[in-house]
Amino acid sequence: MKNIIKKLTAIILCISLFGTTEVSACGGIKNAVNTITDFTERFISVFSGSQNDSADVDFTMEQGKIFKAKKYFSDSHASTVVKLNNGNLMSAFFAGTAEGDEDVRIWYSIYNGNEWSEPQQMYSEDPVAHWNPVLVNYGDYVRLYYKVGMEIPYWVTKYTDSFDNGETWTAPKELVPGDTSGGRGPVKNKVLITSDGTIIAPASSEQGSWRAFFDISTDGGSTWTKTDFIVAKDSRGNEVGMIQPTLWEDKDGNIHALFRTKAGRIYKTDSTDGGYTWCEAYPTELMNNNSGIDCVTTENGWVWLVYTPVGMKVRNRLILSVSKDNGETWQDVTTLEYSINLFAEYSYPAIIADGNNLYITYTYNRNTIKYAFIEFES
């Protein structure tokens, strides 16, 4: 019924705008209707939320702030989360005066089961802005990837390791020494460690067009091989700008990825050869507001996605959805944040899973990082 209403609305608008149902200045009634329908759906999404069905999932949720808003810094953004070997959680994020300023550094906080520690700054000798930390537990140690650079197109990716659950860290190193491509390795979201031990990092470049790719390591992260850029086109044949993919592996060993885009929707691509080659990315029914997304799979095969179900450039809503059919269809589980204030920002989520527990962190109005702990019944 919702889709019928949208189509009828688009047809009425088309007749009002072009005075015809035969030919329009856009090249035909079909193109005009499709264009206006897409705009109508995006506009409605700002106020009505996702169009997904509600999932039949029982769960409990705890939410809170990792630190008091603006107590330590004016601006904080782009969090990541990982479970440590001692059972604690760690979240990292960048923070400082404002995104891109020279004083912005990577900070982290540890959750001991009762409370979050005061944020601590990661050691760095780089006198420029720091960006987009990504934490990964590799078993014997935890690795933190991050970007440095005053301009996004010329980021350099560095990493540092902790072998004692965040007590101490190794001296930072470049992930790919001498790289000037705008950053290698994970750009925002965690890497995928496949069933055969291959590491696939979801990557992207913003040098000129937004283009996504994947970095693959078969030697535990020592060396990396870059895939081709992922191709994506809209209905008119124009290239779709995509960055910051998020990955999962299905029960058959195929790899899938979803992308943040400039096209108003999340795009998807698939690989049947372990992530080395990918099909042309295609649009999903999931809205995207040109903001970060993240997903994770759980032991029962469900794929969980945190994103903003809005097709326009506002970030006033953040939801958790689940797919029980390997990403074919999605159902809403819960709204994590929503405000009628179009200037509110709930964005850049990170999600990990441990059994039937989901751990989520995200930006809250750029003045703190919030968390959501969810335990569900499968």
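## A walk from one sheet to a pocket

Start by selecting residues 255–261 and 265–271: these are strands β16 and β17, which run antiparallel and are joined by five bridges. Keep in mind that you're looking at a predicted model. Now show the side chains of Phe259 and Tyr267: Phe259 stands opposite Tyr267, which is in β17.

Next, bring in the rest of the sheet. With four strands, this open sheet runs in the order β15-β16-β17-β18, and the pairing is antiparallel. Colour 242–249 and 282–287 to pick out β15 and β18; both stand at the edges with a single partner strand, so each has one side left without a neighbour in the sheet. Turn the view a little: on average, and ignoring direction, neighbouring strands here are turned by 30° against each other.

Time to visit a pocket. The second largest one has a volume of about 640 Å³. Which residues are closest to its centre? Select Lys190, Val191, Val296, Thr297 and Ala353, which hold that spot among the 24 lining residues. You'll meet β15 again here, since it is one of the elements giving two or more residues to the lining, along with β3 (75–83), β7 (130–137), β11 (192–193), β19 (294–297) and β23 (346–354). Colour the lining by class and you get 13 nonpolar, five polar and six charged residues.

Finally, zoom out to the whole protein. Its secondary structure comes to two helices and 25 strands. Of its 378 residues, 56% count as buried. And among contacts with a separation of 6 or more, 49% are between residues 24 or more positions apart.

Terms used. Residues are numbered from 1 along each chain as its sequence is written. This is a predicted model: local features need pLDDT of at least 70, side-chain atom pairs count only at pLDDT 80 or more; totals for chains, interfaces and linings use all residues. Side-chain values use heavy atoms; hydrogens and water are left out. Two strands pair if DSSP finds at least two bridges between them. Axes are lines fitted to C-alpha atoms, for helices over the stretch in contact, and angles run from 0 to 180 degrees between N-to-C directions. On a 1 Å grid over the protein atoms alone, a cavity is a set of points where a 1.4 Å probe fits but cannot get out, and a pocket is an open set with protein on both sides within 12 Å along at least five of seven lines; lining residues have an atom within 4 Å of a point. Grid points are joined across faces, edges and corners, and a volume is the space filled by probe spheres set on the points. Ala, Val, Leu, Ile, Met, Phe, Trp, Tyr, Cys and Pro count as nonpolar, Asp, Glu, Lys and Arg as charged, and the others, Gly among them, as polar. Buried means under 20% relative accessible area, exposed over 50%, partly exposed in between (1.4 Å probe, protein chains only). Contact means heavy atoms within 4.5 Å.
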